[in-house]
Number of protein chains: 2
Amino acid sequence: MMTIREVTELTGIAAPTLRYYEKEGLLPHVKRNENGKRLYDEEDLSWIHFVTALRATGMPIAQIQKYVYLYKEGDSTISERKLMMLNHKKEIERSIRDLYFNLDKINYKLALYDVLESQIERTSIKI
Amino acid sequence: MMTIREVTELTGIAAPTLRYYEKEGLLPHVKRNENGKRLYDEEDLSWIHFVTALRATGMPIAQIQKYVYLYKEGDSTISERKLMMLNHKKEIERSIRDLYFNLDKINYKLALYDVLESQIERTSIKI
DNA sequence: CCTTGACTTCAAGTAAACTTTATCTTTTAA
DNA sequence: TTAAAAGATAAAGTTTACTTGAAGTCAAGG
């Protein structure tokens, strides 16, 4: 069992953020010691990593809340949770496609700069 | 020359957003008619598409402001602007890598759900 | 003993990027 | 020609996801 300090050191996530995630219901069953201090076990760490992956891929807090709510409901919600993950997978794939699409535009801009610079260079040589 | 309405229809960007971008200095040299109404030409449209690509790839407004400021300075800032684009290109590539990395985790989760469902199915057949 | 440091909670504050509202002027269609 | 629609400005409001501050508790070290 780890303290919140150890978890912040291990994950790089600030303690207030961990408390905020827990308060919002993104981290089910984080335990406390006899004085009310948080204690995290391996399963809590798994949840933290999972929530972090969802956040990093743009899933809003509210949707993760819903997912965790379904998780707490038990096995009857497995298909719905799987569907959420399938939809989110599609969202991520769309994000990747969009990034590639816009990256092309940036590369086009860079190519223009290359042309521009070579023109300037040629002009300079002429002078 | 197009009105703001035609631009919103063409680009899907809301008129208040176009005004906001202009006020923040992201759209240089948008003209006005004799009564102060905005008129957009092809070059303005290019800027709008470019700004949209930068925003869609996560460049903050403040950084685009800086880019446009350099653009207005003239040719002496070409290398700096090119550098900004090169750095942004790296940022986009990093974002894409991160998304792939986290997509793997989601796919792993989905694989777990597949196992779970097949287990449930087998159990049901036994009953 | 008592102070320091690591917790706790709750409420308020922040940042970024829009979006909405209020008020006013100008077109445009009936 | 007049009423509705479209456009302008400035300021305030919204949303999301944290972050910071205030005030209190508790264990450990000097």
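**Notes on the two chains and DNA strand D**

1. Starting with the symmetry: chain A superposes on chain B with a rotation of 180° and 0.0 Å of shift along the axis, at an RMSD of 0.1 Å. The two copies are therefore related as by a two-fold rotation axis. If you want a landmark for that axis, look at Ile96(A): in chain A, its C-alpha is the nearest one, 2.9 Å from the axis. The contact surface fits this picture, since 100% of the contact residues of chain A recur in chain B, and the same surface serves both copies. Keep in mind while reading on that this is a predicted model.

2. Next, the surroundings of DNA strand D. There are 16 residues around the strand, and the closest come from both chains: Thr17(A) and Arg55(A), plus Arg5(B), Arg19(B) and Arg38(B). By type, the residues of this surface split into 6 nonpolar, 4 polar and 6 charged.

3. Which part of the strand faces the protein, sugar and phosphate or bases? Of the strand D atoms within 4 Å of the protein, 87% belong to sugar or phosphate, and the rest belong to bases.

4. A few phosphate contacts are worth pulling up in your viewer. In chain A, an N or O atom in the side chain of Arg55(A) sits 2.7 Å from a phosphate oxygen of DNA strand D. Asn35(A) has a side-chain N or O atom 3.2 Å from a phosphate oxygen of the strand. From chain B, Arg32(B) places a polar side-chain atom 3.2 Å from a phosphate oxygen of DNA strand D. As for secondary structure, the elements giving two or more residues to the surface near the strand are helix H2 (15-23) of chain A and helix H1 (4-11) of chain B. H2(A) supplies the largest share of that surface, with 4 residues.

5. Last, a look at Lys31(B). This residue is in strand E1 (residues 31-32) of chain B. Is Lys31(B) buried, partly exposed or exposed? Its relative accessible area is 41%, and with buried meaning under 20% and exposed over 50%, Lys31(B) is therefore partly exposed. Setting aside neighbours within four places in sequence, Lys31(B) is in contact with Met1(B), Lys37(B), Arg38(B), Leu39(B) and Asp44(B). One of these, Arg38(B), is also listed among the closest residues to DNA strand D. For a sense of distance, Lys31(B) and Pro16(B) are 15 residues apart in sequence, and their C-alpha atoms are 17 Å apart in space.

Methods
Residues numbered from 1 in each chain as written. Chains lettered and ligands numbered in written order. Predicted model: local features only at pLDDT ≥ 70, side-chain atom pairs only at ≥ 80, totals over all residues. Heavy atoms only, no water. Least-squares fit on C-alpha atoms with pLDDT ≥ 70 in both. Contact = heavy atoms within 4.5 Å. Buried < 20%, exposed > 50% of the residue type's maximum accessible area, 1.4 Å probe, protein only. Near = heavy atom within 4 Å. Polar contact = N/O pair within 3.5 Å; in protein donor to acceptor, adjacent residues only side chain to side chain. Nonpolar A, V, L, I, M, F, W, Y, C, P; charged D, E, K, R; others polar.
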